[in-house]
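Subject: Structure for you to look over

Dear colleague,

Here is the structure that I promised to pass on, with the sequence alongside. Please open it first, and then read the notes below with the model in view.

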Amino acid sequence: MGFDGMLTSGKMGMNKRKSERTSTGTKTTPAERNIPPVLQIDDLSIHTRADSSGKRLVRNLNLTIQPGEMVALIGESGSGKSVTASAVTGLLPAPLSMSGGRILFQGRDTATLTSPERRAMLGKEISVVFQDYAGSFTPFIKIGKQLIEMIRRHMGWNKTTARVLATQALEQVELAAERVMDSYLFQLSGGQQQRVAIAAALMLEPDLLIADEPTTALDTLTGETILQLIDSLRHKTKCAVLFISHDLHHVIKRADRIAVMYGGEIVESGPTDVLVREARHPYTRFLLQSRMDLADVPARLQSIPGEPGAVSACGCPFALRCPVRIARCDSEAVPEMMVSDGHTARCHLIGEAQGDLGAAEITRTS
Ligand code: SF4
């Protein structure tokens, strides 16, 4: 059985359909059919110390991902995207600590998992492609041996089948499989190492794939191939994907929903097409404005005003950089507000008069 075939067999043969039609022909989503989310994050807060006395990195974050859904977390470096991903896996680096909230994976609170349960979950049920892909492998053991061991440990196949699957997984990411199987990590380029990490993540047929900037080290064409592969996997297997990226082009092209982070908070989230069309938070609008259209490159690029990563200590985290802020933005925390069905944002101007925000032209900076 080939790798591609594997993706639609076994556990994946459980027909985890993303959308189905009712008798009237109307499409329904998993949420509408009350299918529980693969991942549910409730009110997550992360501090640099366990007792909340340290610096706050993530505040009151809520996020769900349904089977087969791709949700993108976007925002500047330091906005809390990768820290959130680490919390999902239980691999928050010390001294960071969850200071509030809970993370449910397949309905189970991950805080209650024992170490062996967590180890079994990682790889088999949750696969991760981190930015630090080299850290996923042992440098003094050949790649092939490591991949075969992973398949045998998590999927129970014999050595011969595991070797076939590992080889096919490497071929899927366009690597010379036999040569890579017989190589140590240091014998591969950065881009090749990244592709091996992605092959390892995909071959275990996860329920949730966390892809944290998965194409950072790759050229444009290879990056596109890798993202197509991830997209293909989630459509075939209904694997949920948490996609963390700076690249709005990739995110808009592939994600079902987008959550925009600034200063450790999700400041706006919604279905991709809605967010692109009707973004209401000034930060989201800046991000969308700063997209480059290669067919029409402007003479001067737009940038977001203020110091990148500057976070207001109280009130709205974006207040230090927001050109349309009002007095209470500096002092009053911003509650999450519903803009439309499935579309939420945290901005004082939305609650008062959405028209005001729309009329307030965001100044283009040069
Ligand atoms: S709450 Fe105020 S500072 Fe924050 S984005 Fe809205 S207008 Fe700007």
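Around the ligand there is a shell of 13 residues, and the closest of them are C316, C322, R325, C329 and C347. Sorted by class, that shell holds 10 nonpolar residues, two polar ones and one charged one. Please keep in mind throughout that this is a predicted model.

**The eight-stranded sheet**

One open sheet is formed by eight strands with mixed pairing, and their order is β8-β9-β10-β5-β11-β12-β14-β13. The edges are taken by β8 (126-129) and β13 (337-340), each of which has a single partner strand, so one side of each is left without a neighbour in the sheet. From one strand to the next, the twist averages 20 degrees.

Within this sheet, strand β5 (residues 70-74) deserves a careful look, because five of its five residues are buried and the strand is therefore largely enclosed by the rest of the structure. The side chains to follow are M70, A72 and I74, which point one way, and V71 and L73, which point the other way, all of them being buried. On one pairing, β5 runs parallel to strand β10 (residues 240-244) over four bridges, and there V71 stands opposite L242. β5 also pairs with strand β11 (residues 257-262), again in the parallel sense and over four bridges, with I74 standing opposite V260.

At the β8 end, four bridges join β8 to strand β9 (residues 208-212), and the two run parallel; the bridge partner of V129 in β9 is A211. Helix α7 packs on the sheet here, where it touches β8 and β9, and its direction makes about 170 degrees with that of β8. Helix α2, for its part, lies across β5, β8, β9, β10 and β11, and runs at about 150 degrees to β9.

**The four-stranded sheet**

A further open sheet has four strands in the order β4-β3-β6-β7, and its pairing is antiparallel. β4 (56-65) and β7 (108-109) stand at its edges with a single partner strand each, so that one side of each has no neighbour in the sheet. Between β3 and β6 there are seven bridges in the antiparallel sense, and Q40 has L104 of β6 as its bridge partner.

Strand β6 (residues 97-105) is joined to β7 by two bridges, and these strands run antiparallel. Two pairs can be picked out here, since L104 stands opposite D109 of β7, while F105 has R108 as its bridge partner in β7. The two strands form a hairpin with two residues between them, and Q106, which is in the turn, has a positive phi of about 50 degrees. Helix α2 (residues 81-89) also lies across β3 (39-47), β4 and β6, running at about 115 degrees to β3.

**Helices**

Helix α7 (residues 190-203) packs with helix α8 (residues 220-237) at an angle of about 5 degrees, and their axes are 11 Å apart; the two helices are therefore roughly parallel to each other. The contact is made by G191, R195, I198 and L202 on the α7 side and by T222, I226, L229 and L233 on the α8 side. By class, the residues of this contact are five nonpolar, two polar and one charged.

In helix α11 (residues 282-289), the buried residues are P282, Y283, T284, F286 and L287. The elements that cover these buried residues include β5, α9 (248-254), β11, β12 (265-271) and α10 (272-278).

**A glycine in a loop**

Finally, I would ask you to look at G263, which is found in the loop between β11 and β12. G263 counts as buried because it has 25 C-beta neighbours inside 10 Å, the cut-off for a buried residue being 20 or more. Once neighbours within four places in sequence are left aside, the residues in contact with G263 are S79, V311, P317 and F318. G263 and R59 are 204 residues apart in sequence, yet their C-alpha atoms are 8.6 Å apart in space.

With best wishes

Methods. Residues numbered from 1 in each chain as written. Predicted model: local features only at pLDDT ≥ 70, side-chain atom pairs only at ≥ 80, totals over all residues. Near = placed C-beta within 6 Å. Nonpolar A, V, L, I, M, F, W, Y, C, P; charged D, E, K, R; others polar. Buried ≥ 20, exposed ≤ 12 C-beta atoms within 10 Å, placed from the backbone. Pairing = 2+ DSSP bridges. Contact = placed C-beta atoms within 7 Å. Axes fitted to C-alpha atoms, helices over the stretch in contact; angles between N-to-C directions. Parallel < 35°, antiparallel > 145°, perpendicular 65-115°, else oblique.
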